[in-house]
Structures are given as C-alpha cells and as structure tokens.
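Me: I should like to learn how to read a few features of a protein model. May we take them one at a time, beginning with charge on the surface?

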Amino acid sequence: MTLLITVFAAIICTIIWYCNAPKSQMMIGVLCWMYWGASLMWLVDAVFEYAEIHNEYFTPAPMDMLNDFYLGLSVVALGLIIWLVILLVKDPRGVVKSVLFKKKI
C-alpha cells in the first residue's frame, strides 16, 4: 500500500512538473525526486518482503493494510512539508524576502 501511494504521488507530481517544465519556478522537480526515491525504497522493501514470506505477501491482514495506508500518507505529507521548507528557503519568486524586508512608514 505504501508503494502504491508513493508511486501515485510520484506520477502525479511528474505530470505536473512536465506540464510546467519550461517555466517552473515552484521547484516541483525536487518533489518528484523525493517521491520517486520513496517509491524506489518501498519497491526494494516489497521485493525483500516477498522473498521472505512469498505468497502471503499478497494477502495482508486488514490492520496491516490500514497501517501501510497511514504510513504512505505520512510519507507523502512529509515530502510536501520538506518541499515547502525548501521552497520557502530558496524563495524563487522573492515573496518571503519582500514580506520580511517590507519598509514601514
């Protein structure tokens, strides 16, 4: 479940990045790399788990699926938080800088 959630997030993010690639100021590429990296991590985890438990891998308990679902959503949320911090620090449009150094009369 975590693999599916991160792969879907990576695909959606990649489509958004591709549509806005020439004029991308929002650094969507960073988010794509994080989600594809997480997807690769979960893929390796799935391969090793399948090698360990074989066919039982395809019949998880409902509680395990719910835990994996929450973990997948947590990974996507953490990726968004990291992306927002990077975006605010880099400030490609200068919005944060203009707000912080706004002259008061």
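Me: Which residues gather in a patch of negative charge on the surface?

Reply: Asp and Glu count as negative, so one looks for these residues on the surface. In this predicted model, the negative patch is formed by Asp-45, Glu-49, Glu-52, Asp-64 and Asp-68.

Me: Which helices supply at least two residues each of the negative patch?

Reply: They are α2, spanning 28-53, and α3, spanning 62-90. The largest share, 3 residues, comes from α2.

Me: Where is Glu-49 placed, and is Glu-49 buried, exposed or partly exposed?

Reply: Glu-49 belongs to helix α2. Its relative accessible area is 35%. Partly exposed residues fall between the cut-offs of 20% and 50%, so Glu-49 is partly exposed.

Me: Let us turn to the cysteines. How many disulfides does the structure hold?

Reply: A disulfide is a covalent bond between the sulfur atoms of two cysteines. To count as such a pair, the sulfur atoms must lie within 2.5 Å. The structure holds 0 disulfides.

Me: Why does Cys-13 form no bond with Cys-32?

Reply: The closest cysteine sulfur to that of Cys-13 is in Cys-32, at 3.2 Å, which is too far for a bond because the cut-off is 2.5 Å. Cys-13 is buried, with 4% relative accessibility. Cys-32 lies in helix α2 and is likewise buried, at a relative accessible area of 7%.

Me: What is the case for Cys-19?

Reply: For Cys-19 too, the closest cysteine sulfur is in Cys-32, but the separation is 11 Å, again too far for a bond. Cys-19 is exposed, its relative accessible area being 54%.

Me: My next topic is the backbone. Which residues have a positive phi although they are not glycine?

Reply: Met-27 is one of them, with a positive phi of about 55°. It is found in the loop between α1 (2-19) and α2. His-54 also has a positive phi of about 55° without being a glycine. The place of His-54 is the loop between α2 and α3, and this residue is partly exposed at 46% relative accessibility.

Me: Finally, how may I compare separation along the chain with separation in space? What are the two values for Cys-32 and Glu-56?

Reply: One counts residues along the chain, and then takes the distance between C-alpha atoms. Cys-32 and Glu-56 are 24 residues apart along the chain, and their C-alpha atoms are separated by 32 Å.

Conventions:
Residues are numbered from 1 along each chain as its sequence is written. This is a predicted model: local features need pLDDT of at least 70, side-chain atom pairs count only at pLDDT 80 or more; totals for chains, interfaces and linings use all residues. Side-chain values use heavy atoms; hydrogens and water are left out. Patches are made of residues with over 30% relative accessible area and no salt bridge: like charges are joined within 9 Å, nonpolar side chains (Val, Leu, Ile, Met, Phe, Trp, Tyr) within 5 Å. Accessible areas come from the Shrake-Rupley method with a 1.4 Å probe; for residues, only the protein chains shown count as cover. A salt bridge is a side-chain nitrogen of Lys or Arg within 4 Å of a carboxyl oxygen of Asp or Glu. The place of a charge is taken as NZ of Lys, CZ of Arg, CG of Asp or CD of Glu. Helices (H or I, at least four residues) and strands (E, at least two) are DSSP runs, numbered from the N terminus. Buried means under 20% relative accessible area, exposed over 50%, partly exposed in between (1.4 Å probe, protein chains only).
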